[in-house]
Amino acid sequence: MLNVNPEAKKMILALDGGGMRGIIAAAVLAELERATGQLCRDIFDLVAGTSTGAILTAAIALGVPMEQTVAEIYRQKIAQSFPRASPRLLFDYVAHSTRYLYPIEPFVNALAAYANGVKIGDIQRPIIMITTKDVRTGGMHHICNRGPHAEFFAEYPLAGAVAASSAAPMFFPPIAGTLIDGGVGADISPALSAAVMAMEHLGAGEGFVDGRTILISIGTGFAPNPHLDHELAAGNYGLRRWLRYLILNSLDDTAFQVADLTRTIYGRRLDFRRYNLLLTRENAEMLGVDCGRCDPAALTLDSHKPEQVKLMEDLARAYARGIDWQQTGVMPWDTRGGHLRPPMLPVDWSKTPFK
């Protein structure tokens, strides 16, 4: 069995948002549990999650194996919760006769069998942090069972905290009329917030000290901008392309920026490792995964068709099986099948009015 932490350091896990693409992170963790023979609850001392990462955080805290999470929560309950897309659904949204595309109840029910009656303060291990945003103040809430404001959050229902973290605007209604997706902001990847929580707020009292802490950050896949190579492509964007960019591409970009900042700020104090799958046909072929008719780069927050769900899971497992879990200081481009290092592209100023 793999010993992912031979020096018995403190272990932190940060899990990105990404809707249905959360099955990618879940399958990566399922492979880690298979390789180690341990549940994530026993591997990690602190688990932080945003949106779909909050679902995984709750499952880990409740001791649900990741294989079970993949099979029961993602393949079945969440995937089957999306109503069949139709022109009428989109028309209703655009015409403002509805305020969100999907009801939140099926997603709450996905955790009900595990989290019914569980409060944040009931969780003893691991330390958890679930992110959500309060639209009244614009402030981020880092819902936790230890650390700053833990007493304030102690009576929060775990399922409610997860629902709040997952309430992506336009997709789902706010929880309690005010709490929305923690990914509306920098916490689409909670890696930096988890590092601050561990190293600044919990610190030595909980064993999080310099040189003795590992932070593993797992993304929900990176889909490159499909128009990257088009000359002045963004200048030709219409509403549909800008919405896709803001909803998907900008989230992927922000997650990378958070990872880069975390490494820059805390890289000398803790062992930061970032894993994130590259979602392209070429990468799938390299990993030995048949995409069929699905385009990995087109997978979005609500990709829930069986063939899409299977592709995400297959890609994630192939990616995870190539990870050296003991390698230090890993960024995605250090892994086989990981998100490539973003290039620094030249700008042709001659095609602009600026001199």
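In the predicted model, the protein chain contains 12 helices and seven strands. Of its 355 residues, 53% are buried. The surface that the protein chain exposes amounts to about 16,500 Å², and 55% of this area is supplied by carbon and sulfur atoms. Contacts were also examined by separation along the sequence. Among those between residues at least 6 apart, 75% join residues that are at least 24 apart.

Helix α8 spans residues 158-166. Eight of the nine residues in this helix are buried, so α8 is largely enclosed by the rest of the structure. The buried positions begin with Leu 158 and Ala 159 and continue with Ala 161, Val 162, Ala 163 and Ala 164. Ser 165 and Ser 166 are likewise buried. In general, an α-helix has 3.6 residues a turn, so residues three or four places apart point the same way. In α8, the buried set includes the consecutive residues Ala 161, Val 162, Ala 163 and Ala 164.

No disulfides were found in a search of the whole structure. For Cys 291, the closest cysteine sulfur belongs to Cys 294 and lies 7.6 Å away. A disulfide requires sulfur atoms within 2.5 Å; the sulfur of Cys 291 is therefore too far from that of Cys 294 for a bond. Cys 294 is accordingly in no disulfide, with the sulfur of Cys 291 as its nearest cysteine sulfur. Both cysteines are buried: Cys 291 has a relative accessible area of 10%, and Cys 294 has a relative accessibility of 11%.

Conventions. Residues numbered from 1 in each chain as written. Predicted model: local features only at pLDDT ≥ 70, side-chain atom pairs only at ≥ 80, totals over all residues. Heavy atoms only, no water. Buried < 20%, exposed > 50% of the residue type's maximum accessible area, 1.4 Å probe, protein only. Helix = DSSP H or I, 4+ residues; strand = E, 2+ residues; numbered from the N terminus. Contact = heavy atoms within 4.5 Å. Areas by Shrake-Rupley, 256 points an atom, 1.4 Å probe, with all protein chains shown as cover.
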